[in-house]
Amino acid sequence: ATPRSSARQLVREALERYGLNPDDFGQFALCDVVGRPGGGTATSAGGWQGEHLREVGDWERPLVLQELWKPKAGWSRRFEIRRRQELDRAGDTGDDGDTAGEWGPSPQRCPGGGREGVG
């Protein structure tokens, strides 16, 4: 991956790396997730907990995003691949993206979803 790699390219590469069909990339989305250790709650037993999620547009450049927009002190960012169906379902129900499933607890989805690009 290079700074010129698009989110779509990175999803295809990840699917291939994990033995999945890279032609199924359209079923998955790269998500920019911001969180902090333990999710910022006193009851958390350590680990990292995502709190805000934004779907990265297919043609956005995630490595450029990572370089230009740094989370505030105490927060960190990671990119996750999620099924588009799960993201769409969260948006259709009007909730804030708090869905559980094979990906585990989901952070809150930021307004706009990120499909239109950086805004």
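Student: I've got the structure open. Among contacts between residues at least 6 apart in sequence, what share joins residues at least 24 apart?

Tutor: In the protein chain, 57% of those contacts join residues at least 24 apart. Keep in mind as we go that this is a predicted model.

Student: Okay. What pattern of helices and strands does the chain follow along the sequence?

Tutor: Reading along, you meet α-β-β-α-β-α-β. That gives three helices and four strands in the protein chain.

Student: How much of the chain is buried?

Tutor: Of the 119 residues, 34% are buried. As for the outside, the protein chain exposes about 7,400 Å², and carbon and sulfur atoms supply 51% of that area.

Student: Which residues form a nonpolar patch on the surface?

Tutor: Look for Val64, Leu68 and Trp69, which together have about 290 Å² of accessible area. To find Trp69, go to the loop between α2 (62-68) and β3 (76-83).

Student: Why does tryptophan 69 count as partly exposed?

Tutor: Partly exposed lies between the 20% and 50% cut-offs. Tryptophan 69 has 44% relative accessibility, so it counts as partly exposed.

Student: Let's move on to charges. How should I think about salt bridges?

Tutor: Here's the general idea: side chains of opposite charge can pair when their charged atoms come close. In this case, a search of the whole structure finds ten salt bridges.

Student: Which residue does glutamate 60 pair with, and how far apart are the closest N and O atoms?

Tutor: Glutamate 60 pairs with arginine 54, and their closest N and O atoms are 3.2 Å apart.

Student: Are those two buried or exposed?

Tutor: Buried means under 20% relative accessible area. Glutamate 60 is at 9%, so it counts as buried. Arginine 54 is at 18% and counts as buried too.

Student: Which residue forms a salt bridge with arginine 78?

Tutor: That's glutamate 80, with the closest N and O atoms 2.9 Å apart. Glutamate 80 is buried because its relative accessible area is 15%, whereas arginine 78, at 37% relative accessibility, counts as partly exposed.

Student: What about arginine 82: which residue is its salt-bridge partner?

Tutor: Glutamate 80 again, and here the closest N and O atoms are 2.6 Å apart. Arginine 82 has a relative accessible area of 4%, so it is buried.

Student: Which residues do salt bridges with shared partners join into one network?

Tutor: Try picking out Arg8, Glu55, Asp58 and Arg84 on the model: salt bridges that share partners join them into one network.

Conventions. Residues numbered from 1 in each chain as written. Predicted model: local features only at pLDDT ≥ 70, side-chain atom pairs only at ≥ 80, totals over all residues. Heavy atoms only, no water. Helix = DSSP H or I, 4+ residues; strand = E, 2+ residues; numbered from the N terminus. Buried < 20%, exposed > 50% of the residue type's maximum accessible area, 1.4 Å probe, protein only. Contact = heavy atoms within 4.5 Å. Areas by Shrake-Rupley, 256 points an atom, 1.4 Å probe, with all protein chains shown as cover. Patch = residues over 30% accessible without salt bridge, like charges linked within 9 Å, V, L, I, M, F, W, Y side chains within 5 Å. Salt bridge = Lys/Arg side-chain N within 4 Å of Asp/Glu carboxyl O.
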